[in-house]
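This report is meant for a reader who is meeting the structure for the first time, and it moves from strand pairing to the interior and then to a pocket.

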Amino acid sequence: GNGPHPVHIYLHGGYWRAQDKSNYAFIAGMLVRHGITAVIMNYELCPASTLDQVAESALAGVEWVTTNIARYGGDATAISLSGHSAGAHLVAEVLATDWAARGVDPSCFVGAVAVSGIYDPAPAMLTTVNAQLQLTPQIIENRNVETRTPLVHCPVAVMVGGDEPW
């Protein structure tokens, strides 16, 4: 329909190494029915990319949305985000990014929901998953959003299931 419509970006989980946006296409249907332009986004995955590259590709995708979504009827001044697991980590990366330095007005981000996020990748280095993640102390330091100050100021809901591992 006629826009501009609020925009929602969803970042899938998969421990930074699995899944695809097509597995989450159902989310778009729920949002579009409510007049929201939905972006279900992919990003680079490990082991073909490092976690630094995974995060940078997600940030590049979000940046693309901020500068191009108006062509698709979206309101580039009203972007919300959500993500699950690794996707929640990437939502936190968005919130901890200096968007002004990238030429994007950070006030375009109006809200975020992070579900069951892996905000500190250090524990993953101690699991068998690290064979694919190939985490190093430097990558962990770069991507630990628990230690970084959020630079985007918007409402954020952080959720976790009661029976999930720490």
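Which residue stands opposite Ser-82 in strand 4? In this model, which is predicted, Ser-82 has Val-113 of strand 4 opposite it. The pairing to which these strands belong is parallel, with six bridges between strand 3 and strand 4. Between the two strands the chain passes through helix 3, and the β-α-β crossover made in this way is right-handed. Strand 4 also runs parallel to strand 5, to which four bridges join it, and Ala-112 has Val-156 in strand 5 as its bridge partner. The two pairings are set side by side below.

| Strands | Sense | Bridges |
|---|---|---|
| Strand 3 and strand 4 | parallel | six bridges |
| Strand 4 and strand 5 | parallel | four bridges |

Helix 3, the helix of the crossover, can be looked at next for its burial. Because 10 of its 10 residues are buried, helix 3 is largely enclosed by the rest of the structure. The buried residues of helix 3 include nonpolar ones such as Leu-90, Val-91 and Leu-95, but His-89 and Glu-93 are also among them. The cover over these buried residues includes strand 1, helix 2, strand 3, strand 4, helix 5 and strand 5, the last of which spans 156-159.

In soluble globular proteins, nonpolar side chains tend to be buried together. Here the largest nonpolar core holds 37 residues, and Ile-9, Leu-11, Trp-16, Val-62, Trp-99 and Phe-109 are those with the most contacts inside it. Two or more residues of this core come from each of strand 1 (5-11), strand 2 (37-41), helix 2 (51-68), strand 3 (74-84), helix 3 (86-95), strand 4 (109-115) and helix 5 (137-143). Helix 2, with seven residues, gives the most to this core. Around Trp-99, once its neighbours within four places in sequence are left aside, the residues in contact are Leu-59, Val-62, Glu-63, Val-94, Val-104, Pro-106, Phe-109 and Val-152.

The last feature is a pocket. How many residues line the second largest pocket, and which of them lie nearest its centre? The lining has 15 residues, and Ala-92, Leu-95, Val-145, Pro-150 and Val-156 are the ones nearest the centre. The space in this second largest pocket is about 210 Å³. Helix 3 and strand 5 each give at least two residues to its lining, and the largest share, four residues, is supplied by helix 3. Helix 3 therefore appears both in the crossover between strand 3 and strand 4 and, with its 10 of 10 residues buried, as an element largely enclosed by the rest of the structure.

Definitions and conventions
Residues numbered from 1 in each chain as written. Predicted model: local features only at pLDDT ≥ 70, side-chain atom pairs only at ≥ 80, totals over all residues. Heavy atoms only, no water. Core = buried A, V, L, I, M, F, W, Y, C linked by side-chain atoms within 4.5 Å. Buried < 20%, exposed > 50% of the residue type's maximum accessible area, 1.4 Å probe, protein only. Contact = heavy atoms within 4.5 Å. Pairing = 2+ DSSP bridges. Right-handed = clockwise from strand over helix to strand, strands pointing away. 1 Å grid on protein atoms, 1.4 Å probe; cavity = no way out; pocket = protein on both sides within 12 Å on 5 of 7 lines; lining within 4 Å. Points joined across faces, edges and corners; volume = space filled by probe spheres on them.
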